[in-house]
Amino acid sequence: MAKAPVLTPQADNFPRWYQDLVSKAELADNGPVRGTMVIRPYGYGLWERMQQELDARIKAAGAQNAYFPLFIPQSYLTKEAEHVEGFAPELAVVTHGGGKELEEPVVVRPTSETIVNDYFSKWVQSYRDLPLLINQWANVVRWELRPRVFLRTTEFLWQEGHTAHATYEDAKHYAARIHREVYADFLENVLAMDVVPGRKTVRERFAGAINTLTLEGMMGDGKALQMTTSHELGQNFARAFETRYLSKDGREEYVWQTSWGSTTRMVGALVMMHGDDDGLRIPPRLAPVQVVVVAVKGDDAVLATVREIGDRLKTTGVRVHVDDRVDTPFGRRAVDWELKGVPVRIEVGPRDVENGTAVLVRRVAGSKEPTPIGALSEVLPKVLEDDQALLLAQSRKRRNDLTVEVTTVKEATEAASTGWARIAWETLGVEGEAKLAEQGVSVRCLVAADGSVPESDDQPGNVAIVARAY
């Protein structure tokens, strides 16, 4: 009788496969309140690595970390009409505290544009105070109607950047810089994700923004996922909160602003873009554990050898873990490491010790070959970089293979059942976008004819990227 697979095969039921993998790879559990999640240590380790890489890029772009309160006066959100309208269905509102009804209800932070602007208006007095570049790492709450762990949860973790500038041009350039140098660089060079940079349509734009830049990724089932966004807020919030400065000419001017964010959704994207029927496949540059050295049996020589290999690899800068839990069967441990997607597994048994070799198992490439123990320190850096590049190449190939050129709304809808469609924006337009929405299909972004980010919605030659999305 055939042995049941550890995970539901992707081809049978992709959503069930996702849930199986999140659970069995010990990434997260559902929380006690609907839509919440408990992030387990292995899943949080992935998020910590993402934080480290992103935080370094954010600081390189000149922003500093700060922290703003979780509770926001409800009146703040009503100051910018489009903003409150966009978030109203998702708000969690506290009406009682300390056993008493509050004089004014407070909103649990859905995003911080309003409270940040309240303080920006106090901190910014002169052109000398600009640009003001702030980022915070925090949790937010948006009451999610259709929750899915990591992808859409009532509470999630994120970073949100907020900036104020003296001119429209400076704000626009900074939003584009974050989009390119922080998010695109991180997603492609650390997460090994092929992403499409583009401009959101008015329908899909962030509530209160004048422009939203996005990076869209194709998941393993052909659906799209919005990975990160960077917004030009214009002067909308500045006018609502009276955030003004005295210019060099001695005139009072409203600041120009941006906001931008990335979330724990990226952990879900990592699962869906790179995972396979055996589990996760973690990009080596991201992996908290890049190499696991596994003792096949509890032989004294084997245990000594795996520990020695581990110590030697640590000195080379490789993130390594030694698995000497020989009271657990080797087969079970091998399956667990496959599920967790550790890029390289080095297996050592009694015969390997005698031969001076180890079995090098590559999770991404799917290969297994004996390697001299003395050569591991030299071989591994190239193996890890090769597998990093392979994941990105596979991601890009999937998008190219599952993206088709179309000329009608009907063709776009049909293409979105298996992948993405590209259609001229002047052909689709706002009316066509509305018809797609009736079928559960959306314009993920607009791209210029040459693949760059358009300067405007109506730039000649704009192409709409159309897909079903998470």
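**Exercise 1. Find how much surface the chain exposes, and what share of it carbon and sulfur atoms supply.**

Start with the total: the chain exposes about 20900 Å². Then take the share: carbon and sulfur atoms supply 50% of that area. Accessible areas here come from the Shrake-Rupley method with a 1.4 Å probe, and for residues only the protein chains shown count as cover.

Before going on, note that this is a predicted model: local features need pLDDT of at least 70, side-chain atom pairs count only at pLDDT 80 or more, and totals for chains, interfaces and linings use all residues. Residues are numbered from 1 along each chain as its sequence is written, and side-chain values use heavy atoms, with hydrogens and water left out.

**Exercise 2. Check the radius of gyration of the chain against that of a compact globule.**

Step one: the rule, with the radius taken over C-alpha atoms, is 2.2 Å times the number of residues to the power 0.38. Step two: for 470 residues that puts a compact globule near 23 Å, and the chain's 25 Å agrees. Step three: look at the spans of the C-alpha trace along its principal axes, about 80 × 55 × 50 Å.

**Exercise 3. Work out how the chain is divided into domains, and how domain 1 and domain 2 sit relative to each other.**

First, the bounds, which come from an automatic or database domain assignment: domain 1 is 14–274, domain 2 is 291–385 and domain 3 is 403–468. Next, the centres of domain 1 and domain 2, taken over C-alpha atoms, are 40 Å apart. Finally, six residues of domain 1 are in contact (heavy atoms within 4.5 Å) with four residues of domain 2.

**Exercise 4. Decide whether Leu 46 is buried or exposed, and list its contacts.**

Begin with its place: Leu 46 sits in helix H2, residues 41–60. (Helices are DSSP runs of H or I, at least four residues; strands are runs of E, at least two; both are numbered from the N terminus.) Now the cover: Leu 46 counts as buried because its relative accessibility is 0%. Buried means under 20% relative accessible area, exposed over 50%, and partly exposed in between (1.4 Å probe, protein chains only). Leaving aside neighbours within four places in sequence, Leu 46 touches Leu 27, Val 267, Leu 270, Ile 282, Leu 286 and Pro 288.

**Exercise 5. Do the same for Ser 126: where is it, and is it buried or exposed?**

Ser 126 is in the loop between helix H5 (113–123) and strand E7 (132–141). With a relative accessible area of 15%, Ser 126 is buried. Beyond neighbours within four places in sequence, Ser 126 is in contact with Tyr 245 and Leu 246.
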